Amino acid sequence: HYLQPLPIFPNPLSVGLSVFCENGDFLVLTRRSKQILSGGNIWGGVIYNAVGENAVYADSDGTHEGMCKISIWKTAIRGLQEEIGLEFEPDQSENLVLHSFVWDTRIYDYKFFGYVFTPMSRSEIYKSWLSAADRHEHWALSFHDTSTRSQCIKLVEEMVNHLSDYGSECVLCTIRSLLHSKKISPMDFDNILKRSSNE
């Protein structure tokens, strides 16, 4: 039941973010560690979003009727810092967008998805990731060209045609982020699915 935690894995609330650097020209993805102690027991070696962070009590923002109110924005900002070492200033808030809320039926997880645009270069992102607190959860970063519509279409085609290489939340978040930021159109996505079904 959605309000009853599982004995071995309580129902969490998390945030997944697509991170676009160089003002949107490159999407940053990570490859999940295969080490058990770093979470590799769940889809180890698979490509994931740059940020995937569970909400915790520290992300609270006051109370409502005696209950702690979680700020999913605080979770997102903390996730950027802990997962990729990206400091996010309050005056950059227009660069952080949350666009989807879903229920993960595999691990009973409520998830918010969104994206961030940063002017940081690929080398700056890589350097910040090397010192991130949760770097051990991932063993590699990759940068994917999203500077043009055709490059974005090519990326989505790669994901759709090689789903087993990507975490499902990465695929969903990336596609919705590209659609929401208007880097691809719904018609582009429909055409990708049609071509994929014909192959």
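**Entry 1: S128**

I looked up S128 in the predicted model and found a relative accessibility of 12%, so S128 counts as buried. The cut-off I applied for buried is under 20% relative accessible area. S128 belongs to helix α2, which covers residues 122–130. I then listed its contacts, leaving out residues up to four places away in sequence, and obtained I84, G85 and M120.

**Entry 2: the chain as a whole**

I next recorded the overall make-up of the chain. I found 5 helices and 9 strands. Reading from the N terminus, I noted the order of elements as β-β-β-β-β-β-α-β-β-α-β-α-α-α. The chain has 199 residues, and buried residues make up 43% of them. I also checked how far apart in sequence the contacting residues lie. Of the contacts between residues at least 6 apart in sequence, 64% join residues at least 24 apart.

**Entry 3: strand pairing around β1 and β8**

I followed the bridges of strand β1, residues 13–21. To β4 I found 4 bridges, and the two strands run antiparallel. Within this pairing, S14 has N54 of β4 as its bridge partner. To strand β8, residues 109–117, I found 8 bridges from β1, and here the strands run parallel. L17 stands opposite G114 in β8.

I then turned to strand β7, residues 96–104, which 8 bridges join to β8. β7 and β8 run antiparallel. As one bridge pair I noted V97 with Y115 of β8.

**Entry 4: the faces of β4**

Which residues of β4 point to one face and are buried? I looked along residues 51–54 and found V51 and E53 on that face. G52 and N54 point to the other face and are not buried. I set this beside the general rule: in a regular strand the side chains alternate between the two faces of the sheet. N54, on the face that is not buried, is the residue I had already listed as the bridge partner of S14.

**Entry 5: loop residues**

I searched the loops for positive phi values outside glycine. N23 has a positive phi of about 60° although it is not a glycine. I located N23 in the loop between β1 and β2, the latter spanning 26–32. Its relative accessibility is 56%, so N23 counts as exposed.

E65 is likewise not a glycine and has a positive phi, of about 50°. I placed E65 in the loop between β5 (60–64) and β6 (67–70). With a relative accessible area of 74%, E65 is exposed.

Is A58 buried or exposed? I found A58 in the loop between β4 and β5, and its relative accessible area of 64% makes it exposed. I also took the separation of the C-alpha atoms of A58 and I70, which is 8.4 Å. These two residues are 12 residues apart along the chain.

**Entry 6: α3 against α4**

For the helix pairs I recorded the usual description: two packed helices are described by the angle between their axes and the distance between the axes. Helix α3 (residues 149–161) and helix α4 (residues 168–180) pack at an angle of about 160°, and their axes are 11 Å apart. That angle makes α3 roughly antiparallel to α4, because angles over 145 degrees count as roughly antiparallel. The crossing of α3 with α4 is left-handed.

I listed the contact residues of this pair. From α3 they are C152, L155, V156 and M159, and from α4 they are C170, V171, T174, I175 and L178. By class, the contact of α3 with α4 has 8 nonpolar residues, 1 polar residue and no charged residues.

**Entry 7: α3 against α5**

How do α3 and α5 cross, and within what distance do their axes come? For α5, residues 186–198, I found that the axes come within 10 Å and cross at roughly 40°. That makes α3 oblique to α5. I recorded the crossing of α3 with α5 as right-handed.

In this contact, R149, I153, V156, E157, V160 and N161 of α3 meet D188, F189, I192, L193, R195 and S196 of α5. I divided the residues of this contact by class and obtained 6 nonpolar, 2 polar and 4 charged. I noted that V156 of α3 is listed in the contact with α4 and also in the contact with α5.

How values were computed:
Residues are numbered from 1 along each chain as its sequence is written. This is a predicted model: local features need pLDDT of at least 70, side-chain atom pairs count only at pLDDT 80 or more; totals for chains, interfaces and linings use all residues. Side-chain values use heavy atoms; hydrogens and water are left out. Axes are lines fitted to C-alpha atoms, for helices over the stretch in contact, and angles run from 0 to 180 degrees between N-to-C directions. Angles under 35 degrees count as roughly parallel, over 145 as roughly antiparallel, 65 to 115 as roughly perpendicular and the rest as oblique. A crossing is left-handed if the near helix is turned anticlockwise from the far one by less than a right angle, and right-handed if clockwise. Contact means heavy atoms within 4.5 Å. Ala, Val, Leu, Ile, Met, Phe, Trp, Tyr, Cys and Pro count as nonpolar, Asp, Glu, Lys and Arg as charged, and the others, Gly among them, as polar. Buried means under 20% relative accessible area, exposed over 50%, partly exposed in between (1.4 Å probe, protein chains only). Two strands pair if DSSP finds at least two bridges between them.
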